[in-house]
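Please take a moment to look over the sequence and the fold before reading on. The paragraphs that follow go from the whole chain to its domains, then to the core and to a group of paired strands.

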2 protein chains.
Amino acid sequence: MIIALDADGGDYASREIVIGAAEAADEYGVDIVLVGKKAILDMLVRRHAKKQKVSIIDASQTIECSESPVHAVRSKPNSAIVIGTKLVKDGSASAFVSAGSTGAVLAAAFFFLGRIEGVERPALCSIIQINPEGPVLLIDVGANVDCRPNHLVQFGKLGTTFAQKFLYTESPKVGLLNNGEEEIKGNTLAKESYKALQNSNLNFIGNVEGQDILKRKADIVVTDGFTGNIVLKALEGFGDVFLNVLGLGRAFKVDEQLQGSALVRYVELTSMVKRTDYKEYGGACLLGVNGNIIVAHGRSQARAIKNAIHLAYHSVETKVVDAIKNSSYTAK
Amino acid sequence: MIIALDADGGDYASREIVIGAAEAADEYGVDIVLVGKKAILDMLVRRHAKKQKVSIIDASQTIECSESPVHAVRSKPNSAIVIGTKLVKDGSASAFVSAGSTGAVLAAAFFFLGRIEGVERPALCSIIQINPEGPVLLIDVGANVDCRPNHLVQFGKLGTTFAQKFLYTESPKVGLLNNGEEEIKGNTLAKESYKALQNSNLNFIGNVEGQDILKRKADIVVTDGFTGNIVLKALEGFGDVFLNVLGLGRAFKVDEQLQGSALVRYVELTSMVKRTDYKEYGGACLLGVNGNIIVAHGRSQARAIKNAIHLAYHSVETKVVDAIKNSSYTAK
């Protein structure tokens, strides 16, 4: 399997991305195509990925996060985001992973891969793995900031297919993120979405509140991309504060004087905090376009890049895109 | 100071509420009027609050969370929520604290106390105390699920006055909760609110993202009540999952075998998790009505009730309502 990787995007490009690529190549047996500035990538690969199956495609242009995504994608055909997406389009690569401008990645995916028939709004699906009992899908986490009720129903369908294939959950429970569990709760969008979800053929269990996400009341939590993005990042911030304030960041190690049940508790507590960290969870899958696209966190370091590549690898293996194509998005 | 307390609202009424009232009476030297079912309260007070300055007012009707708030408040004049709010209205009590139906508490406050002149939308302000470096105000956390940009500007003004009086922060920084830090980010409401906040006389620092709440990038984070409620509860859920999974809930104690720096870290980590717990932080202040109203969490137990009473006590002491009255809400 060949995976294209944006080596020019995110806060830690290109060094951390090359290191993450090398680790992923080793661990998952995938071939990685690094798309970025060839001159620097040649040196970094010699240093960090000498023994791995890693090749380089030059991308002379860079898309900045401050640029208008649509304009940037149109005017920069030699950017890593455009080149990487086109590698998926022409079948050279099975997936594209980028920690660059999310807006530009979405725009490139829409332009070059296109939406799967019937899907009105492709959406970003995040796999939240904080609860040790299992993951929860949150969809949308930022592709669509203004939504209509039928978009949320489609997010539920996309999430259901993804959960069935990627997580092997046969009949995933879908919950609507809301400010109360009663049916009458919510803003205008949530109230109307409740009715639309009730009339869908999804396994809809009703409203779920903020605290229910981590409690795994539902397997899939649907919401608009504005709310989803804020909630996801708020949970991230929680881990950040813990790690920074307590100095448990990169230098974390278990104190030797800890023993017995206290040691177990301490390690469990810390590992749970660390799971909130964007460095751990890898990225979000863009669902509803004709190809496997993974949006990694802008602050991704090597470990997050490696995990984002794993997301891509497992999405390809479990044929998520084909499954979405085979679902009907024209009926309810 | 006399504080009226809804002894008939919330998941743990009336026992935990009486215990919390007794603790608060001891700790803050306030007099508590319990409003609820007199027959049971007589017994509970004899058992748990014999020595404290606690009196009882009978409320024969109960407002359920599933009822329409406006209809319930109109049709149940003998409910604790209506009686307690009226005690504030007529000056008998300095504040009213309730863990009952949030909607009904808001409706009663609007009907009987009324909005402060110029305030279009009173809002719920939560004091998030997870970061050990200090608190952050999140406003609105549930009073207004659908908002317009000028409402968010008013939330910023209400929060600013509250921070100045209650937290002694002279020129609090106001941030707009958004899905990115760039000015162009956001849904329609956030984009328009950004401009309105820029044109206000607030100390507006721009957009803040989910992770910035706990990092205290701003002193006050403004958002619509739908998003604010979900984010607040998501952070709560974080603490819940930690406490439940690790069995650190009520039975938490420091293991004797922990020593030195490991002990310090363990205690800090656990206390930070515990600060996310609704049992600890007490409640939210309703800002913009003519009186001190505290909405406690529906799942409040004794400790949360005690802390909610402290919120009421400190709001009265620092004259928050008068300060809001003296701010101009007709100009920018």
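Helices, of at least four residues, and strands, of at least two, are taken here as DSSP runs and numbered from the N terminus. Counted in this way, the secondary structure of chain A comes to 13 helices and eleven strands. The model is a predicted one, and the description should be read with that in mind. Of the 332 residues in chain A, 60% are buried, and among the contacts in chain A with a separation of 6 or more, 72% are made by residues 24 or more positions apart.

Chain A is divided into two parts: domain 1 takes in residues 2–115 together with 288–319, while domain 2 covers residues 123–279. Where these domains of chain A touch, 14 residues come from domain 1 and nine residues from domain 2. On the side of domain 1 of chain A that touches domain 2, the helices α5 (102–113) and α12 (302–317) of chain A each supply at least two residues, and α12(A) gives the most, with four residues. Sorted by class, that side of domain 1 of chain A has three nonpolar, eight polar and three charged residues.

What does the largest nonpolar core look like in numbers, and which residues have the most contacts inside it? The core has 223 residues, and those with the most contacts inside it are Leu5(A), Ala21(A), Leu5(B) and Ala21(B). To follow one of these residues further, leaving aside residues up to four places away in sequence, Ala21(A) touches Leu5(A), Ile32(A), Leu34(A), Ala49(A), Val54(A) and Ile305(A).

In chain B, strand β2 (residues 31–36) offers a good place to trace how strands are joined, and this strand is mostly covered, with five of its six residues buried. On one hand, β2(B) runs parallel to strand β1 (residues 2–6) of chain B, to which five bridges join it, and within this pairing Asp6(B) has Val35(B) as its bridge partner. Between these two strands the chain passes through helix α1 (residues 15–28) of chain B, in a β-α-β crossover that is right-handed.

On the other hand, β2(B) also pairs in the parallel sense with strand β3 (residues 54–58) of chain B, over five bridges. Here Val35(B) has Ile57(B) as its bridge partner, so that Val35(B) is bridged to Asp6(B) in β1(B) and to Ile57(B) in β3(B). With helix α2 (residues 38–48) of chain B, the strands β2(B) and β3(B) make a β-α-β unit that is right-handed.

Conventions: Residues numbered from 1 in each chain as written. Chains lettered and ligands numbered in written order. Predicted model: local features only at pLDDT ≥ 70, side-chain atom pairs only at ≥ 80, totals over all residues. Domains from an automatic or database assignment. Contact = placed C-beta atoms within 7 Å. Nonpolar A, V, L, I, M, F, W, Y, C, P; charged D, E, K, R; others polar. Buried ≥ 20, exposed ≤ 12 C-beta atoms within 10 Å, placed from the backbone. Core = buried A, V, L, I, M, F, W, Y, C linked by C-beta atoms within 7 Å. Pairing = 2+ DSSP bridges. Right-handed = clockwise from strand over helix to strand, strands pointing away.
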